[in-house]
Amino acid sequence: MSEIAITSAYERRAKYRPVTEDSPLARYALIATAVLFLAVFLLAPLAIVFVEAFSKGIEPFLAAFDDPDALAAIRLTLLVAALAVPANLVFGLAASWSVAKFSFPGKSVLVTLIDLPFSVSPVVVGLVYVLVFGGQGLFGPWLAAHGVQIIFAVPGIVLATIFVTFPFVARELIPLMQEQGKVEEEAALTLGASGFKTFLTVTLPNIKWGLLYGVLLCNARAMGEFGAVSVISGHIRGLTNTIPLQVEILYNEYNNVAAFALAVLLAGLALVTLGLKTFLEWRHADALSGSVRRH
Amino acid sequence: MSENLQKRLGLGILGGLVALMMLASAHSQAGQTFLNVSYDPTRELYKAINPAFVADWKAKTGETVEIQASHGGSGAQARAVIEGLNADVVTLALAADIDAIASKSGKIPVDWQKRRPNNSSPYTSTIVFLVRKGNPRAMKDWDDLSRPGVAVITPNPKTSGGARWNYLAAWGYGLKKFGGDEAKTKDFVRAIYKNAPVMDTGARGSTITFAQRGIGDVLLAWENEAFLALKEFGADKFEIVTPPQSILAEPPVAVVDANADAKGNRQLAEAYLDFLYSPPAQAIIARNFYRPVHPEYASKDDIKKFAKIDFITVDKTFGGWTAAQKKHFADGGIFDEIQKQELTR
């Protein structure tokens, strides 16, 4: 804010522009391009989702949620998120704790591994699980002999989701924890606090907003994941279809209103996440500093 | 703060446990359900047949069953069953896919096709052309598909059963036209696939590409899929062109013995497939634009829609699905050769 004020005062005084600054025309052109790009590629599709969902009025929109398959998809999506997010909360905390507070051989390998799900295509993730747990796979025959169904059932969907969403919490926390160092924990420990108490009273309060932020992103992805889940789901109606898969099925059945109604549900979820994220960044920018700097 | 957090942590763990219990119960339920794994365009058909069967079964045995369905490209669905998708019955697009389940997983005996009448196919269909209203590119016969500049929409034969019927119908036409000359037939089929801008994984994906996204001049489609598109999008947008010659497509059904026995669903599975041949199901089949094997059970109005076509069959022209699959669609088969030369051109 102050920077802008200084620049404009400066401009008023001397009628020339510093070499480090672009001409207003270039600036406006760049801003206009960015806004246009956002409008065409982000806002318009989002708007169309809502327009399509309500294209035949509110009644068909609501009817889309009266379908048992749609309700089952919503239930399954919530269940998968309820399992995947806490799992990644624990894994993410443990991973970032060890990476940020200790040094050990192979640390950079661990950090690379944490990032792996970001770089591997979700479809490949799904296929890997098929290769491991499938009937022709590594553990498939043993699992089948013991009547355990992993892929084409809920456990497989949860596993694939955990894999895909693994980095979100850890990636949020590692820079934050690294920045905070371990001085406060050491102080607590020297004052006689137990390890668990130190974690609860010192570490956790320090990282809570970063943690929440990571959990939000993790949750959004867990509910929206398509590729990996699609490979592993088996597409059994009312049993192994999550909301994104159900959207595709409805669309392929020429049922546009219902497909977009469910899409609105997902989009609404994304908007809530976005709102919470913005709120956190606004209110707790300091507590998030390590992570915010990266974005 | 710390007490508060401890409370929250406790709540979180409790929530996790509840979710796990829900998961476990969902899992145990999965054992008692009945699953029909089918191919792409049968969604509407089985949506209509399942309630009729449930009512029939209830009247006969007093039991209430819940039938679950999974739809996708026929080859992809077969693959899923091989990898462990717990299907009680499979109702796929072609015999080769059920053969694959039989040979690769051993869950179905290899002679499965002899277990039910009419090569285990309760309904048949064929391949027709769906074109835009007024037929602006004047598509009449298979020759027209190979004309330069025509965009032909067909799914990928590697994953879709319908796509394999499309391919074989074109091949059969070529054989007849060139008096059995395979080299010329191959060039002819290659010219058709050169005209295919996108190949979806399943028949329904191709219909959406053609009808909803507006890509292409002609869709090679299951007859039932073409009729359904007319019904969904309106007869003012598309029309069906029936070529004088096409292929008799027999989508077969089979009990997946190992799965049905393990789930205690054997009787139910057999009854379900038998029901498909019954008068009420045959009427539903015709209403959903499949050609019933017992046309006498269907309404005359439904039967009238099916044009007379000169059919070739896989058994007579290609020596059965096992031979056709090996020669044309296996890795390194003729379809691969066509695609490869396409790329190097």
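This report describes a sheet and a buried helix in chain B, then the domains and confidence of chain A.

The model is predicted, so that local features are given only at pLDDT of at least 70 and side-chain atom pairs only at pLDDT 80 or more, while totals for chains, interfaces and linings use all residues. Residues are numbered from 1 along each chain as its sequence is written, and chains are lettered from A and ligands numbered from 1 in the order in which they are written.

In chain B, four strands (DSSP runs of E, at least two residues, numbered from the N terminus) make an open sheet of mixed pairing, ordered β2-β1-β3-β9, where pairing requires at least two DSSP bridges between two strands. Because β2 (67-72) and β9 (253-255) of chain B stand at the edges with a single partner strand each, one side of each is left without a neighbour in the sheet. Neighbouring strands are turned by 15 degrees against each other on average, direction ignored. Strand β1 (residues 34-39) of chain B runs parallel to β2(B) and is joined to it by six bridges; Val37(B) has Ser70(B) in β2(B) as its bridge partner.

Two helices (DSSP runs of H or I, at least four residues) pack on this sheet, as tabulated below; contact means C-beta atoms, placed from the backbone, within 7 Å, and angles, from 0 to 180 degrees, are taken between N-to-C directions of axes fitted to C-alpha atoms, for helices over the stretch in contact.

| Helix of chain B | Strands touched (chain B) | Angle between directions |
|---|---|---|
| α2 (residues 43-61) | β1 and β2 | about 170 degrees with β2(B) |
| α12 (residues 266-275) | β1, β3 (89-91) and β9 | about 165 degrees with β9(B) |

Helix α10 (residues 223-233) of chain B holds buried residues, among them Phe227(B) and Leu228(B), buried meaning that 20 or more other C-beta atoms, placed from the backbone, lie within 10 Å of a residue's own. The buried residues of α10(B) pack against α2, β4 (123-132), α9 (203-212), β6 (218-222) and β7 (238-241) of chain B. Just after α10(B), Gly234(B) has a positive phi of about 100 degrees.

Chain A is divided into domain 1 (1-53) and domain 2 (59-292), with bounds from an automatic or database domain assignment. Their centres, taken over C-alpha atoms, are 35 Å apart, and the contact takes five residues from domain 1 of chain A and eight residues from domain 2 of chain A.

Chain A averages a pLDDT of 87, with 92% of the residues at 70 or above, pLDDT being the predictor's confidence in each residue, from 0 to 100. Within chain A, confidence is lowest in helix α15 (residues 289-292), at a mean of 50, and highest in helix α8 (residues 154-165), at 94.

Note on methods:
Contact = placed C-beta atoms within 7 Å. Buried ≥ 20, exposed ≤ 12 C-beta atoms within 10 Å, placed from the backbone.
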